Each structure stands twice: as structure tokens, then as C-alpha cells.
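Let's take a walk through this structure together, one piece at a time. Have a look at it first, and then we'll start with a pair of strands.

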Amino acid sequence: MTEAVTPQQQPTVPPLPEPEAAVTPADIRDAAAVTLAVGVSGVLLGLLWTWLAPRVQYVSNGEAVFLRNTESEARIGADGTFFLLALGLGLLTAVAVFLWRRRGGVPLVIGLAVGACFASLVGWRLGLWLSPGADVPAAAAKAGKGVPFDAPLQLLAYGVLLVWPMAAVAAHLGLTALWGPRDPAPEADWPLEGAYPPPHVHAAPEPPQS
């Protein structure tokens, strides 16, 4: 007669938890709020650009309008002023969004990027609208022949419109990587009894006993 071998009971594995939704309605709501808030802050960019940008002056001879100083770097200075203001506001908005929602997330970054692009456009168009002498022929006629007058603001390098979104997204991702919340490490909570796998798995078969 052979003895019946009772197989050792294998440890039970608990069911895995259901994965959480990648994007929740709260994430979309936060992203929309960031887009709106950052976009509206473009008004500040326009006001600061109009105030701080160096002035270019024109002069009229009664028939045409010319630059008063052809060697002036004020036209390039307007681009540089816009660049520095957009860079500073990009870093500022990135810090503000990170402090508001430290967990980050893809929708929040997209909202920050879209809002920053819109803010750059708002600041640019508002600066052009607020700058003096937007109507050059009318400003020349008002100033008179041989009298210098301020030229309207303008951007020579349209690439500076991307400074705000690029700086904001890069700074936000860096802040999230350094100081953002970390996902907890998974813990093994399986009810294991003894060694696993059990010793009989790799043990040599016992000869039948009579």
C-alpha cells in the first residue's frame, strides 16, 4: 500500500486593487483654472513691457518718416525687455502653480502651457495697443516737420512669444521632479506561511512504500 500524499496548500494571493483613473474631473477643473489665471496675467506683461521697453524715435521731413538714430539699439531692446519679462513671469507662474497643486499631473502642465501661450499673445497685443504713436502718419503730422516723436512698440523676433510657456513648463516640471510628492513603495502583504516555494516542490520523489 502506498501512503497518500496530501499536497501542501499554496498561499492565496489577494486580488490586485483596481487602477485609479489617469485623469479625473478635478484634474480637468484645475487645469482650466490654471489656463484662465495664467492667461489673464498676460495683461501684466503688456503693462510692464509698455513701461520698461526703450523708446525708438522717428522724425518726419514733411514727406516721409525716418528713424532719428539709425544706430540706436532701442528696437532690439524692446525684444530683450519682452524676453526678460516673459522669462520672469514664466518662472513666477510655474512656482505659483506648483505651490497650489504640488501633485502636478499632465492636465495641469497642459493648462499651464496653454495659458502661458495665451498670456504672451495678450501681453504682446496689449503692448502694441498701449504704445504711443500707433498711427505713425498721424503722430508725424501732429509732431510736425523735423520734430522727433516716439515710435510704436514692435517685436522683431517673434520667437520671444514662446519664452513664457517654455520657461513655465520647464520650471514646473523641475519643481515637481525635485519636491513633488512621491508614490509610496508597494508593500508585500501576502499571507505567506513558511518558505516560498515550499520545500516539497523541488524535493526528490520518495520511493513507494509497500
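A good place to begin is strand β1, residues 57–60, which pairs with β2 in the antiparallel sense over three bridges. If you want one spot to fix your eye on, find Y58: across from Y58, in β2, stands L67. Keep in mind as you look that this is a predicted model.

Now widen the view a little. The two strands belong to an open sheet of three strands, with antiparallel pairing and the order β2-β1-β3. At the edges sit β2 (65–67) and β3 (149–150), each of which pairs on one side only.

How do those strands fit into the chain as a whole? Counting everything up, the protein chain has six helices and three strands. Read from the N terminus on, the elements go α-α-β-β-α-α-α-β-α. Of the 210 residues in the protein chain, 30% are buried. As for contacts between residues at least 6 apart in sequence, 83% of them join residues at least 24 apart.

On to the helices. Two packed helices are described by the angle between their axes and the distance between the axes. Take α1 and α4: they pack at an angle of about 20°, and their axes are 7 Å apart. An angle under 35 degrees counts as roughly parallel, so that's the word for how α1 lies relative to α4. Their crossing is right-handed. Which residues do the meeting? On the α1 side they include D27, A31, V34 and V38, and on the α4 side they include L108, L112, G115 and F118.

Next, helix α6, residues 163–179. Its 17 residues should span 24 Å at 1.5 Å a residue, and the end C-alpha atoms are indeed 24 Å apart, which agrees. Several of its residues are buried, among them W164, A168, A171 and L175. What do the buried residues of α6 pack against? The partners are α1 (25–40), α2 (42–52), α3 (74–100) and α4 (106–130).

Let's finish with a single residue, T50, which is found in helix α2. Is T50 buried or exposed? Buried means under 20% relative accessible area, and T50 comes in at 11%, so T50 is buried. Setting aside neighbours within four places in sequence, T50 is in contact with R55, G127, L130, S131 and L153.

Notes:
Residues numbered from 1 in each chain as written. Predicted model: local features only at pLDDT ≥ 70, side-chain atom pairs only at ≥ 80, totals over all residues. Heavy atoms only, no water. Pairing = 2+ DSSP bridges. Helix = DSSP H or I, 4+ residues; strand = E, 2+ residues; numbered from the N terminus. Expected span 1.5 Å × (residues − 1). Buried < 20%, exposed > 50% of the residue type's maximum accessible area, 1.4 Å probe, protein only. Contact = heavy atoms within 4.5 Å. Axes fitted to C-alpha atoms, helices over the stretch in contact; angles between N-to-C directions. Parallel < 35°, antiparallel > 145°, perpendicular 65-115°, else oblique. Left-handed = near helix turned anticlockwise from the far one by under 90°.
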